[in-house]
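This report looks at one protein model. Its topics are salt bridges, a long-range pair and the nonpolar core.

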Amino acid sequence: MLKARCVVLLIALIAGVGHCKLHAEFANGVKVVVDEAAITHGEIESDVRIVAGELLRQYGRQPALYNQKVMEAAKDSMERAVQQQLILHDYRTMGYSIPESIIEEVVQEQIKSRFGDRATLRKTLQAQGITYEKWRQQEKDRFIVQQLRLKNIFQEAVVSPYKIERYYMENKTDYKVEDQVKLRMVTLTNVASEADIEQSRKLAEEIITKVKEGVPFSEMAQTYSDGVQRIQGGDWGWVERTVLRKELAEVAFSLKPGEVSGVIETPQAIYVLFVEDRRMAHNKPLADVQAEIEKTLMTEEREKRQKQYIDKLRKKTFVRYF
């Protein structure tokens, strides 16, 4: 019942009305006009239906939040549709031209990758009530929009080394690393009874003795540990205090490099720790985070260029919302 009501509400929200009484002509009415292209309520509704199921699964028990998410999805859908029509209008008015042979290659590739063959495509389109000609035009439009975005946004977006270094200097605290230990661990989970605990305790003590006698800790971990890092010799790599449960962190960060712990007992397991190395809190060097910063700045640059490009198209294109 909730799902049925939500679907009706979805349509009502997309249509921009406060009640569930809908008319077919309203659902197919014009929502936005971009130059001579019309974007209808039905088109936006169809687009939002694709995500409506997921929204319902996530927010179905929170009606107010669900309604908000549906409204946001409808708004995003309309904005994407407007931007696409702005770019297509730019394509036509600027005299751009993509050979039909290239469009045909794109269409054939879509048929092969998404449907396998033309027969499956036609059955799918028939079930959706879409003609092959309309689908082909949609694929052509998507390709044109993709190419113009590539030309006006992606190809011209550049991040200089100076910007990367400046960003690093201005956001150094984001790259701070707390005290760390390079840790190996043996985990013994046989603690269901007092007898099991005593057996695991004795095994842990034997492991500690062997390590102190010179047997590699990694060998002990591979042989006896029940932890998920057993195959890697109990290797946890470099860890901060927050990665470990409190009782383990207290011991690990009290050990010196090359030192093995005593037996550590918890209700869930018995542990033996070995610290291979330590390093104090520090900032990651620029070389380690350069690729991450470049990705962040490139995203920001593309978003800025995207806004500039769309704003420029809006200024020279007739757009009317209803």
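## A salt bridge within one helix

Glutamate 45 is buried, with a relative accessible area of 12% (buried means under 20%, exposed over 50% and partly exposed in between, using a 1.4 Å probe and protein chains only). Its partner, arginine 49, is partly exposed at 37%. Their side chains meet in a salt bridge, 2.6 Å from N to O (a side-chain nitrogen of Lys or Arg within 4 Å of a carboxyl oxygen of Asp or Glu). Both residues lie in helix α3, four residues apart, about one turn of the helix (helices are DSSP runs of H or I with at least four residues, strands are runs of E with at least two, and both are numbered from the N terminus).

The model is predicted: local features need pLDDT of at least 70 and side-chain atom pairs pLDDT 80 or more, while totals for chains, interfaces and linings use all residues. Residues are numbered from 1 along each chain as its sequence is written, and side-chain values use heavy atoms, without hydrogens or water.

## A salt bridge between distant parts

Glutamate 265 forms a salt bridge with arginine 201, with the closest N and O atoms 2.5 Å apart. This pair links strand β7 to helix α9, 64 residues apart in the chain. Across the whole structure, a search finds 18 salt bridges.

## The nonpolar core

The largest nonpolar core has 36 residues (buried Ala, Val, Leu, Ile, Met, Phe, Trp, Tyr and Cys joined through side-chain atoms within 4.5 Å). Helix α4 gives the most to this core, with 10 residues.
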